[in-house]
Amino acid sequence: MTTPSSKACRKKMEAGELHQKLQLLRSITHSNALDDASVILDASRYIQDLKHKVERLNEDIGTAQNLSNGRSSLPAVSVETLEKGHLISVISARNCEANMLCSVLEVFEELGLNVLEARVSCVGRFQLQVIVEVSQNGEGGSMDSLAIKQAVIRAIRRRDEGYGEQEQ
């Protein structure tokens, strides 16, 4: 039979262990939260961010393998959400894609995205890296990375379809 004082002692020890674990979680996830619920919420966000990074890395590995094998019919498109805006990368195995650049820039305009910084290369293959932000006129003030990626891919497909028709 346990006494009331031993139950209280055990509860204090458990609370202390829980507090230590939350402190460890706070340090691992770089959380500045003070209350337990916020620490757990920050950890959940941290885990989601890690999952997204793993997905992007897996996509990049697959894209690199396809490009090196020459099997990629469409350019690789990736969109990463930044603190203020998005980092968009487009890589094509084909050498110079001036029409693709125009198509991508047109879709940015349609989506209400302002280009803050851009790097384009046509040496060896087409590479585009752009940092964009949603303009003040843009819809809703923020935009989902997946929606941007899908819009860029659609624009490239439309360009490819139009380009194929022009060649015939």
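A residue counts as buried when its relative accessible area is under 20%. S145 has a relative accessibility of 13%, so S145 is buried by this rule. The model described here is predicted. S145 lies in helix α4. Beyond its close neighbours in sequence, within four places, S145 contacts V79, E80, T81 and H86. The strand β1 spans residues 76-82, and β2 spans residues 85-92.

The overall fold comes next. The protein contains four helices and four strands. Along the sequence, these elements follow the pattern α-α-β-β-α-β-β-α. The chain has 168 residues, and buried residues account for 26% of them. About 11700 Å² of the protein is exposed. Carbon and sulfur atoms supply 53% of that area. Contacts between residues at least 6 apart in sequence were also examined. Of these, 55% join residues at least 24 apart.

The four strands form an open sheet. Their order is β1-β2-β4-β3, and the pairing is antiparallel. The edge strands are β1 and β3, the latter covering residues 113-121, and each pairs on one side only. From one strand to the next, the twist averages 15°. Strands of a sheet pair through backbone hydrogen bonds, either parallel or antiparallel.

Two of the strand pairs can be followed in detail. Strands β1 and β2 run antiparallel and share seven bridges. A hairpin of two residues joins β1 to β2. Within this pair, A76 has I91 of β2 as its bridge partner. Strands β3 and β4 are also antiparallel, with eight bridges between them. Here L113 stands opposite V134 of β4. In a regular strand, side chains alternate between the two faces of the sheet.

The largest nonpolar core holds 21 residues. V90, F108, L113 and V152 have the most contacts inside this core. Five elements each give two or more residues to it: β1, β2, α3, β4 (126-134) and α4 (145-167). V90 shows how separate parts of the chain meet at one residue. Setting aside residues up to four places away in sequence, V90 touches P75, A76, V77, M100, F126, Q127, L128, V152 and I156. Of these partners, V152 is itself among the residues with the most contacts inside the core.

Helix α3 covers residues 98-111 and includes S103. The relative accessible area of S103 is 12%, which is under 20%, so S103 is buried. S103 touches A155 and R159, not counting residues up to four places away in sequence. The range of helix α4 is 145-167.

Helix α2 runs over residues 36-69 and contains both D42 and R45. These two residues are three places apart, about one turn of the helix. D42 and R45 form a salt bridge, with the closest N and O atoms 3.4 Å apart. The structure holds one salt bridge. D42 has a relative accessibility of 23% and is therefore partly exposed, since the partly exposed class lies between 20% and 50%. R45 is partly exposed too, because its relative accessible area of 48% falls between the two limits.

R56 also lies in helix α2. Along the chain, R56 and S78 are 22 residues apart, yet their C-alpha atoms are separated by 7.5 Å. Leaving aside neighbours within four places in sequence, R56 contacts V79 and E80. V79 and E80 also appear in the contact list of S145.

The final residue considered is H30. H30 sits in the loop between α1 (4-28) and α2. H30 is not a glycine, yet its phi is positive, at about 60°. The relative accessible area of H30 is 63%. That value is over 50%, so H30 is exposed.

Definitions and conventions: Residues are numbered from 1 along each chain as its sequence is written. This is a predicted model: local features need pLDDT of at least 70, side-chain atom pairs count only at pLDDT 80 or more; totals for chains, interfaces and linings use all residues. Side-chain values use heavy atoms; hydrogens and water are left out. Buried means under 20% relative accessible area, exposed over 50%, partly exposed in between (1.4 Å probe, protein chains only). Contact means heavy atoms within 4.5 Å. A nonpolar core is a set of buried Ala, Val, Leu, Ile, Met, Phe, Trp, Tyr and Cys residues joined through side-chain atoms within 4.5 Å. Two strands pair if DSSP finds at least two bridges between them. Axes are lines fitted to C-alpha atoms, for helices over the stretch in contact, and angles run from 0 to 180 degrees between N-to-C directions. Accessible areas come from the Shrake-Rupley method with a 1.4 Å probe; for residues, only the protein chains shown count as cover. A salt bridge is a side-chain nitrogen of Lys or Arg within 4 Å of a carboxyl oxygen of Asp or Glu.
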